[in-house]
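Me: Please take a close look at one part of this model, the sheet and its pairing, and describe it in one connected account.

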Amino acid sequence: HLSAAELSLSARVHEAVLTGSRPPVRPRGVVERSWSRMLDLGLDVSGSPRTMVPLPDLELRRRRSGLEPVIGELRQLLSRAAETSPFLVVVTDADGVILWRDGSSRVRAYADALGFAEGARWTETTVGTNAVGTALVEAAPVQLLAAEHFESAQHPWYCCAAPVHSPVTGELAGVVDISGPALTLHPAIGALVETSVRLAESGLWRVHEQRLERLRRTAEPVLGGVGEPLLVVDDDGW
């Protein structure tokens, strides 16, 4: 768990770096790189209006993300934990748009005030340094604590995110994120996010295998009547 002293130090580092002063300690590499990008973009630490995707477009993004076949199992795992813990579970697409969100009503209301809601685009360029957007840029799991976030309004939060890749194409499918009040961060959160990503990717692989088996059954009558070698592949070349 984080202490009040650690939160205070985090805030001092944030203020020093963004005002051009010497920080008491150097930010972590992932944070320093992201803050540098934010300063180059000229983002304001006080925040900016949120970019929201209309509901019809959101439904389309959910279907096109490729995550829909596994989202039920994924949300079942994470929702059970979210119901009894003060954190929020979020799944985004590859563009950082929040597709699904679960958590207690209290934490959801807190997140709504930040614009951390379904349909919001949570990239670095829109909301500054945050685990979802920074994980997309770094192409790796990211955990951010308190004032490691660029926007001041996000400082009371921690967030832990990791990318989900399609095991079929290798392409980025989205991001799983767990966020909550900074003082409630537990070491197990990172492991829960990693487990969720593995669950999603293994589920996507099962769906892929089922589609290949249907293709085999469909192609079997055709193959049985041909004497020369043939190769049957799916749309992705498998």
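Reply: What follows concerns the sheet, with strand β4 as the starting point.

The model is a predicted one, in which local features need pLDDT of at least 70 and side-chain atom pairs count only at pLDDT 80 or more, whereas totals for chains, interfaces and linings use all residues. Residues are numbered from 1 along each chain as its sequence is written, and side-chain values use heavy atoms, with hydrogens and water left out.

Helices (H or I, at least four residues) and strands (E, at least two) are DSSP runs, numbered from the N terminus. Two strands are said to pair if DSSP finds at least two bridges between them. On these terms, five strands form an open sheet in the order β2-β1-β5-β4-β3, with antiparallel pairing. Because β2 and β3 each have a single partner strand, they stand at the edges, and one side of each is left without a neighbour in the sheet. From one strand to the next, the twist averages 15 degrees; here axes are lines fitted to C-alpha atoms, for helices over the stretch in contact, and angles run from 0 to 180 degrees between N-to-C directions.

Strand β4 covers residues 157–165, and eight of its nine residues are buried. Buried means under 20% relative accessible area, exposed over 50%, and partly exposed in between (1.4 Å probe, protein chains only). On one side, β4 is joined to strand β3 (residues 142–145) by four bridges, the two running antiparallel. Within this pairing, Tyr158 of β4 is the bridge partner of Leu145, and Cys160 of β4 stands opposite Gln143. Strand β3 itself has a covered face, Val142 and Leu144, and an uncovered one, Gln143 and Leu145. In a regular strand the side chains alternate between the two faces of the sheet.

Strand β4 also pairs with β5 (residues 172–181), in the antiparallel sense, over nine bridges. Tyr158 has Gly180 as its bridge partner in β5. The hairpin of β4 and β5 has six residues between the strands, and in this hairpin Gly170 takes a positive phi near 80 degrees.

Two cysteines of this region merit a separate remark. With a disulfide defined as a pair of cysteine sulfur atoms within 2.5 Å, the count comes to zero disulfides. Cys159 is in no disulfide, its nearest cysteine sulfur being that of Cys160, 8.1 Å away. Cys159 has a relative accessible area of 5% and therefore counts as buried. Cys160 is likewise buried, with a relative accessible area of 7%.

Beyond β5, the sheet continues with β1, which pairs with β5 in the antiparallel sense over six bridges. In this pairing Leu88 stands opposite Ser179 in β5. The loop between β1 (88–93) and β2 (98–103) contains Ala94. Ala94 counts as partly exposed because its relative accessibility is 33%. Leaving aside neighbours within four places in sequence, Ala94 is in contact (heavy atoms within 4.5 Å) with Leu136, Leu172, Ala173 and Gly174. The C-alpha atoms of Ala94 and His165 are separated by 9.3 Å, although the two are 71 residues apart along the chain. Finally, helix α3 (residues 55–64) lies across β1 and β2, running at about 90 degrees to β2.
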